[in-house]
Amino acid sequence: MKRIEYTVLAAALLAASCGTQPGGQPSQRQYLVAFSQCNNAEPYRAAQNALLTRLLAAAGDVKLVIADAQQDNARQVAQVETFIRQKPDLLIVAPNERAALTAVMGQAVEARIPTICLERDILQPNYTTYIHSDNRAIGRLAGQFIADQLIKKYGTAKGNVVQMRGLLGVEGEINRDAGAKEVFARYPGIHIVAEPVADWIQAKAKDRMTEVLRASPSIDVLYGHNDPMAVGAYLAAKELGRDQGILFVGVDGLGGEAGGIKKVMDGVLGATFVYPLCVDKAAEIGLKILHDPQFHPEKEYTLESTMVTAANAADLFKKL
Amino acid sequence: LKGTLIGLAGIVLLAILFSPRAADGSRIFLQPGNLTDILRQVALIGIMALAMTYVILTAGIDLSVGSIMALATAVTAMRLTASPAGMGHVQAMVLAIGAALLVSAGAGALNGAVIAFVDVQPFIVTLASMIGIRGLAKWLTHNTNIDIGFGQDVAAHFASLFWQKAVVVGAFAVLAVIFGVALARTVFGRYVRAIGDNEKAARYTGLPIRSVKIWVYGLSGLLSGFAGVLYTAENHQGNPNAGVAYELDAIAAAVIGGARLAGGKGTIAGTIAGTLMIGVVTNMLRLNNVDSNVEMMVKAVIIVLAVAAQRQRGAE
């Protein structure tokens with residue numbers, strides 16, 4: 001092939017990939033909602049994308065575009081910058097990390113784009129509204145559940161706990177950790193014997209847990225800061241034949257076949273705590289912002305968690 | 001080089017053609033804000049790719065640049081946040097940046113020394129340091145990010161200063177000129193090109209091959225460290241996990257720009273054109289809201305086509 005043919009081929013390819021967007025002006029006003037998602041690879045994020053897509057499609061007059069930052073701060077900053085140039089009617093950002101996204105979200109607000117900060121906070125209030133759940137409260141719920149289970153097991157609050165930690169420095173990780181430790185601090189018999197970091201990822205958690213199991217002969221509870229990590233740890237324990245003696249507790253409680261609620265039904269997890277997807281609230285508030293110029297959202301919305309155990313898992317599974 | 005420039009021009013043209021329009025009917029791609037966004041977004045990879053071009057010219061490769069960058073972000077943020085209260089801001093910034101650059105250049109020079117004296121292939125040496133230096137960055141920081149706030153302390157001042165587009169893009173431009181002139185017009189530049197062209201001949205002519213290699217890898221470390229300093233300001237954090245796979249982006253930029261991995265062939269202008277090409281393609285796809293997974297596939301094809309076009313040109 002000649003050089004010119006390669007060039008033409010490249011041009012055709014680019015044209016094809018850009019041309020996938022339907023052109024032409026729709027008859028009625030169509031709103032552009034841009035969603036900067038930090039990492040599609042996490043099941044929690046995938047569930048967010050699916051629910052938000054469904055809710056906004058139901059509205060009928062909204063076009064949603066989602067950009068996946070693939071857990072890379074620099075990539076997400078660039079994607080938000082590009083969104084700002086497109087002047088969407090609403091910008092939703094689920095920040096990968098707090099420090100990195102603060103400044104660029106300030107630019108979005110300066111550009112007068114209504115901006116929803118979703119689920120993770122940033123260093124300055126550079127948003128129209130911040131919709132999140134209370135990870136500290138979830139941490140406390142999980143901690144109390146673990147303490148209660150240990151009391152049930154030994155008659156007194158004692159035992160060895162392993163914490164599988166998410167991506168360090170992220171609000172969810174900090175508070176799911178701190179909330180549980182607040183509770184553990186009241187029970188001197190409860191020891192945290194290991195706190196490996198698995199960055200929310202199931203495969204990493206399996207590896208980290210294998211190492212912990214080799215080093216610690218006695219483990220009563222595994223507290224995973226999300227369900228996939230708790231499941232990863234379970235798989236490691238199962239492989240070494242030690243899953244029976246350990247109570248696995250997770251957080252997130254997603255619905256669907258791959259979600260944490262199903263894992264509770266299957267007996268893999270002893271309990272999980274629903275971490276609200278937040279996008280249902282974001283869709284509700286976002287649509288109000290789009291449709292009602294008089295509407296001024298609160299600066300912050302905090303959503304509550306639900307504990308999922310074998311007792312209520314089947315009911316919740318049907319609902320979600 | 002001519003082929004790369006034609007390619008760049010073609011992609012810019014396509015980006016203009018396919019650019020969505022703003023509310024006032026103008027093309028978003030051509031907005032000054034968007035164009036400078038692109039420059040800032042490619043600046044870090046671009047800076048690394050400058051020294052990578054030197055490395056590739058000597059028939060080498062440097063896989064450790066992303067890890068060195070991460071180490072530099074860690075050192076910069078740690079020094080800044082640990083500055084004694086009484087120290088002046090300028091002095092504290094100079095010390096922090098100096099420490100990061102020193103460590104980075106040192107790591108790079110160590111790569112070069114092992115390659116030159118132990119005679120191990122650059123791929124293997126820098127693969128090892130890619131792993132080891134990443135480990136060092138994680139160990140230093142206990143694998144946590146060191147956040148920089150928005151207050152009045154020295155770290156916040158540093159970020160607000162080095163975060164600015166003009167500083168980042170300006171630094172890339174100045175470094176590009178320096179590296180371009182040094183390669184084309186200096187004795188050192190001639191040595192770099194001669195070694196990759198034919199190392200045996202260069203040795204017989206008595207060129208200081210070892211010291212040139214140490215310098216080249218040292219410069220690669222230095223520029224990666226500088227990219228790390230800019231990353232720290234831009235992202236308000238020292239991040240031991242930053243820069244993963246950046247080495248591949250830097251190599252891709254040089255290769256699209258006409259650098260030959262076997263050495264001896266490549267220019268700074270070509271590398272800059274290659275860097276911009278990646279930046280414009282990315283921006284074009286994002287402005288059109290193309291799925292980011294498709295973005296990766298498109299980039300892959302662009303790389304192969306760009307290199308194929310050059311190969312064709314070389315054969316003609």
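This passage describes a strand arrangement in chain A and a set of aromatic and charge–ring contacts in a predicted model.

Chain A contains an open sheet of 6 strands in the order β7-β6-β8-β9-β10-β12, and the pairing within this sheet is mixed. Its edges are formed by β7 and β12 (307–309), each of which pairs on one side only. Direction ignored, neighbouring strands of the sheet are turned by 25° against each other on average. Helix α7 (residues 202–215) of chain A packs on the sheet and touches β6, β7 and β8 of chain A. The direction of helix α7 makes about 150° with that of β6(A).

Within chain A, strands β6 (residues 159–164) and β7 (residues 190–194) pair in the parallel sense over 4 bridges. Across this pairing, A:Asn160 stands opposite A:His191 in β7(A). The connection from β6(A) to β7(A) passes through helix α6 (residues 171–184) of chain A, giving a right-handed β-α-β crossover. Parallel pairing over 4 bridges is also found between strand β9 (residues 247–252) of chain A and β10(A). Here A:Gly250 has A:Thr272, in β10(A), as its bridge partner.

A:Gly250 is also among the contacts of A:Asn226. A:Asn226 is located in the loop between β8 (221–224) and α8 (227–239) of chain A. With a relative accessible area of 5%, A:Asn226 is buried. Leaving aside residues up to four places away in sequence, A:Asn226 touches A:Arg176, A:Trp200, A:Gly250, A:Val251 and A:Asp252. One of these residues, A:Arg176, places its charged end over the ring of A:Tyr275, 4.5 Å from the ring centre. A further charge–ring arrangement involves A:Lys158, which lies over the face of A:Tyr154 at 5.1 Å from the ring centre.

Over all chains, a search of the whole structure finds 7 aromatic pairs. In one pair, the ring centres of A:Tyr127 and A:Tyr130 are 5.5 Å apart and the planes stand at 40°, so the pair is tilted. Both A:Tyr127 and A:Tyr130 are buried. For A:Phe145 and A:Phe273, the centres are 6.1 Å apart and the planes are at 75°; the pair is therefore edge-to-face. Because A:Phe145 lies in helix α5 (residues 135–154) of chain A and A:Phe273 in strand β10 (residues 271–274) of chain A, the pair ties together parts that are 128 residues apart in sequence. A:Phe145 and A:Phe273 are both buried. In chain B, one aromatic cluster is formed by B:Tyr54, B:Phe179 and B:Phe188.

Note on methods:
Residues are numbered from 1 along each chain as its sequence is written. Chains are lettered from A and ligands numbered from 1 in the order in which they are written. This is a predicted model: local features need pLDDT of at least 70, side-chain atom pairs count only at pLDDT 80 or more; totals for chains, interfaces and linings use all residues. Side-chain values use heavy atoms; hydrogens and water are left out. Rings of Phe, Tyr and Trp (its six-membered ring) pair if their centres lie within 6.5 Å; planes under 30 degrees apart count as stacked, over 60 as edge-to-face and the rest as tilted. Buried means under 20% relative accessible area, exposed over 50%, partly exposed in between (1.4 Å probe, protein chains only). Helices (H or I, at least four residues) and strands (E, at least two) are DSSP runs, numbered from the N terminus. A charge sits over a ring if NZ of Lys or CZ of Arg is within 6 Å of the ring centre and within 35 degrees of the ring normal. Two strands pair if DSSP finds at least two bridges between them. A crossover is right-handed if, with the strands pointing away from the viewer, the path from the first strand over the helix to the second runs clockwise. Contact means heavy atoms within 4.5 Å. Axes are lines fitted to C-alpha atoms, for helices over the stretch in contact, and angles run from 0 to 180 degrees between N-to-C directions.
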